[in-house]
Amino acid sequence: MNSLFVSNPATCYGRPFHRTIRNVKEVRRVSFLALRSPRCAMDLSVGGEDLPYNSVVKFPRMHMRDPYKLLGVTPDVSEEEIRGARNFLLQQYAGHERSVEAIELAYEKIIMKSFRERKKAKMNLKSKLRNKVDESPSFKKLLSSVEVPKIDLILRRLFLFGFMAVWSVMYSAQTGPAFQVFLALLSCIFFLNDKMKDVKRACFTGFGALVVGWVVGATIVPLVPAYIFPPTWSLELLTSFVAYVFLFLACTFLK
C-alpha cells in the first residue's frame with residue numbers, strides 16, 4: 001500500500017493540490033473586483049443605468065466663443081429666457097464637467113454685458129438730464145442772478161442774522177420775534193440795495209424773501225416733532241428762524 005502511494009503520488013495529492021491553488025486565485029480575483037472603486041462619479045449609474053466613463057454626453061457647442069450661440073439664444077432675448085436656456089443645458093450635460101463650466105462661463109459673460117449696458121444707459125440718461133437743465137433758459141437765468149461773495153462777507157452776515165435769532169429766543173416769552181424780524185428785513189433790504197442800486201427792487205426782493213421764508217417755516221415746523229425743541233419755543237419763533245435763513249440767503253447770494 002505504501003509503495004502504491006509512493007509510486008503514484010499524483011493520484012492522491014496532485015488533483016486536490018491544484019484545485020486548492022485555483023480556488024485561492026478565484027477568491028483573490030473576486031476580492032479584488034469587489035474592492036475596486038469607480039474611477040469617478042460619472043462611472044455611477046445615470047438615469048437608472050450604468051454608463052461607462054467614455055459614454056458621458058458632452059456639450060457639442062462648448063468651444064464656441066460667442067456666449068449667445070453657445071447657449072442657443074439671440075442677443076435680444078430677456079434675462080429670464082437666458083436663465084432658462086442655461087438651466088436646461090445644465091440639466092442635459094450635468095455629467096460632463098467641462099460642459100458645465102462652458103455653460104456657466106457663457107451665462108456669466110451675458111449677465112455682465114447686460115449689467116454694463118444698463119449702467120452705461122443710466123449714466124447717459126443722467127448726462128442728458130444735466131445737459132437739459134444746464135441749457136434751459138430758466139436755469140441760466142437763475143444762475144445769472146446768483147453770485148458767491150467772499151467768505152468774510154458771508155460770515156459777517158451770517159453772524160448778523162444769527163444774532164437776530166438769539167435775540168428772538170431771549171425775548172420771545174415777552175414780546176415775540178416781531179421786532180427782530182422787522183430789523184432783519186430792513187437789514188436785508190439795505191444789503192440788497194447796496195448791490196442792486198435800486199430801492200424798489202431791493203424792497204420787493206427782501207419782502208418776497210420774508211414771505212417765502214415765513215410760508216415755508218409755517219409749513220415745515222408743524223411737521224417736526226415737538227419734543228425736539230424746548231417747550232417755551234412757540235410756533236411763531238420757530239417760523240422766524242426759517243425766515244431769517246431766507247433773508248440771509250437773499251441778501252448774501254442774490255445779485
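Reader: What makes arginine 86 count as buried?

Author: Happy to start there, with the reminder that this is a predicted model. Arginine 86 has a relative accessible area of 18%, and buried means under 20%, so arginine 86 is buried.

Reader: Why is glutamate 104 called partly exposed?

Author: Its relative accessible area is 23%. The partly exposed class lies between under 20% and over 50%, so glutamate 104 belongs there.

Reader: How do you know that arginine 86 and glutamate 104 meet in a salt bridge?

Author: Their side chains come to 3.2 Å, N to O. The cut-off is within 4 Å, so the pair qualifies. Arginine 86 lies in helix α4 and glutamate 104 in helix α5, so the bridge ties together parts that are 18 residues apart in sequence.

Reader: And what makes glutamate 147 and lysine 195 a salt bridge?

Author: Here the N to O distance is 3.8 Å, and the limit is again within 4 Å, so this pair counts too. Glutamate 147 sits in the loop between α6 and α7, while lysine 195 is in helix α8, so parts 48 residues apart in sequence are tied together. Glutamate 147, at 30% relative accessible area, is partly exposed, and lysine 195, at 26%, is partly exposed as well.

Reader: Why is arginine 156 called exposed, and what is aspartate 152 called?

Author: Arginine 156 has a relative accessible area of 52%. Exposed means over 50%, so arginine 156 passes that mark. Aspartate 152, at 41%, counts as partly exposed. The two form a salt bridge with their closest N and O atoms 3.8 Å apart. Being four residues apart in helix α7, they are separated by about one helical turn. The search of the whole structure finds five salt bridges.

Reader: Is glutamine 180 buried or exposed, and how do you know?

Author: Buried: its relative accessible area is 2%, and the cut-off is under 20%. Glutamine 180 is in helix α8. Beyond its sequence neighbours within four places, it is in contact with Met164, Trp167, Ser168, Tyr171 and Tyr244.

Reader: Which residues touch the most other members of the largest nonpolar core?

Author: Phe161, Cys188 and Leu247, out of 21 residues in that core. Helices α7, α8, α9 and α10 each supply at least two residues, and α8 gives the largest share, eight.

Reader: How many charged residues are in the lining of the largest pocket?

Author: None; the lining has nine nonpolar and two polar residues. The pocket has a volume of about 250 Å³, and α9 gives the most to its lining, with five residues.

Note on methods
Residues are numbered from 1 along each chain as its sequence is written. This is a predicted model: local features need pLDDT of at least 70, side-chain atom pairs count only at pLDDT 80 or more; totals for chains, interfaces and linings use all residues. Side-chain values use heavy atoms; hydrogens and water are left out. A nonpolar core is a set of buried Ala, Val, Leu, Ile, Met, Phe, Trp, Tyr and Cys residues joined through side-chain atoms within 4.5 Å. Buried means under 20% relative accessible area, exposed over 50%, partly exposed in between (1.4 Å probe, protein chains only). Contact means heavy atoms within 4.5 Å. On a 1 Å grid over the protein atoms alone, a cavity is a set of points where a 1.4 Å probe fits but cannot get out, and a pocket is an open set with protein on both sides within 12 Å along at least five of seven lines; lining residues have an atom within 4 Å of a point. Grid points are joined across faces, edges and corners, and a volume is the space filled by probe spheres set on the points. Ala, Val, Leu, Ile, Met, Phe, Trp, Tyr, Cys and Pro count as nonpolar, Asp, Glu, Lys and Arg as charged, and the others, Gly among them, as polar.
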